Amino acid sequence: DNSILHGISLAKKIRKFYNANGFTFLHSTTACKTATMNLPFYACLKNTLYTLHDPIPHKKQNLFDNIVRSRMMLRSFKNLLFLSNALIEPFCKRYGHARENIYFSRLSVYDFLQSYPQKSNQNGEYILFFGRIDEYKGVDILIKAYLESQDSKKGVNLIVAGKGTLNDIPEILPDN
């Protein structure tokens, strides 16, 4: 259920659970409707952290996102966690947020994958881009680099899969 009433009900349950269990820290990763129902609660807590995936939106925001996500959520949480340090300074300048309350955690190499045995692929070798296909993701740069690389000449295939469009991609895409 995605209704406002459901959001209010769920927000009450979250607050009750938090208070009943004596938690001293709250970490949120979303700006969904339920989270917005908890904004006054978040603002009253001493220790809060909000992980912000996209500190500066890549696209024009609708009114709800602009007011709630960019203004109210950011002011309700005492501390923010970024997964990239490239946008910390532009974010602080744009939103007037204190730099000392922004933390950074680098996403690292997925070296745990080395524990799985490698299997050969009978269909050949591939490079896979999987995710939202949008201008800021650099898919156009990936395709240009692929076309200029030795991989494209050695029979390695590039697959771009996800939701979005490839508007500004060169017309010289390989048939595969």
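Here is a friendly conversation between a trainee and a mentor about this predicted model.

Trainee: How many helices and strands does the protein have?
Mentor: Let's walk along the chain from the N terminus, where the elements run α-β-α-α-β-α-β-α-β-β-α-α-β. Put together, the secondary structure comes to 7 helices and 6 strands.

Trainee: What radius of gyration does the protein have, next to that of a compact globule of 176 residues?
Mentor: Start with the C-alpha trace, which spans about 60 × 40 × 35 Å along its principal axes. A compact globule of 176 residues would have a radius of gyration near 16 Å, but the protein has 21 Å.

Trainee: What percentage of the 176 residues count as buried?
Mentor: It helps to look at the surface as well: the protein exposes about 12,700 Å², with carbon and sulfur atoms supplying 55% of that area. A residue counts as buried when its relative accessible area is under 20%. Among the 176 residues, the buried part is 30%.

Trainee: Which residues have the most contacts inside the largest nonpolar core?
Mentor: In soluble globular proteins, nonpolar side chains tend to be buried together. Here the largest nonpolar core has 21 residues. The elements giving two or more residues to this core are α3 (39-44), β2 (48-52), α4 (63-76), β3 (79-82) and α5. Inside the core, the residues with the most contacts are Leu80 and Phe91.

Trainee: Which element gives the largest share of this core?
Mentor: Phe91 is a good place to begin, as one of the buried residues of α5. Leaving aside neighbours within four places in sequence, its contacts include Leu52, Leu74, Leu80, Phe82 and Ile102. The largest share of the core is 4 residues, and the element that gives it is α5.

Trainee: Why do the buried residues of α5 lie on the same side of the helix?
Mentor: The buried residues of α5 are Ile88, Phe91, Cys92 and Tyr95. An α-helix has 3.6 residues a turn, so residues three or four places apart point the same way. On the other side of α5, Glu89 and Lys93 are exposed. The buried residues are on the same side of α5 because they cover an arc of only 100 degrees around the axis.

Trainee: Which residue meets Arg99 in a salt bridge?
Mentor: Arg99 is in the loop between α5 (88-95) and β4 (102-104), and its partner is in helix α5, 10 residues apart from it. Arg99 is partly exposed, with a relative accessible area of 39%. The count for the model comes to 1 salt bridge. In that pair, at 3.2 Å from N to O, the side chain of Arg99 meets that of Glu89.

Trainee: Is His97 buried or exposed?
Mentor: His97 sits in the loop between α5 and β4. Not counting residues up to four places away in sequence, His97 touches Leu74, Phe77, Lys78, Leu80, Phe91, Cys92 and Ile102. With a relative accessible area of 15%, His97 is buried.

Trainee: How does Thr24 count at 59% relative accessibility?
Mentor: Thr24 lies in the loop between α1 (4-20) and β1 (26-28). Leaving out residues up to four places away in sequence, Thr24 touches Tyr18 and Asn47. The cut-off for exposed is over 50%, so at 59% relative accessibility Thr24 counts as exposed.

Trainee: Which elements are included in what covers the buried residues of α6?
Mentor: The buried residues of helix α6 (residues 139-148) are Val139, Ile143 and Tyr146. They cover an arc of only 65 degrees around the axis, which puts them on the same side of α6. The face turned away from that buried side carries the exposed residues Ile141 and Glu148. The cover over the buried residues of α6 includes β5 (126-130), α7 (150-153) and β6 (157-161).

Trainee: How far apart in space are His97 and Ile127?
Mentor: Compare two pairs, each taken from C-alpha to C-alpha. Thr24 and Lys46 are 22 residues apart in sequence and 7.9 Å apart in space. His97 and Ile127 are 30 residues apart in sequence, and in space their separation is 39 Å.

Methods:
Residues numbered from 1 in each chain as written. Predicted model: local features only at pLDDT ≥ 70, side-chain atom pairs only at ≥ 80, totals over all residues. Heavy atoms only, no water. Salt bridge = Lys/Arg side-chain N within 4 Å of Asp/Glu carboxyl O. Buried < 20%, exposed > 50% of the residue type's maximum accessible area, 1.4 Å probe, protein only. Core = buried A, V, L, I, M, F, W, Y, C linked by side-chain atoms within 4.5 Å. Contact = heavy atoms within 4.5 Å. Arc of directions from axis to C-beta. Rg over C-alpha atoms; globule rule 2.2 N^0.38 Å. Areas by Shrake-Rupley, 256 points an atom, 1.4 Å probe, with all protein chains shown as cover.
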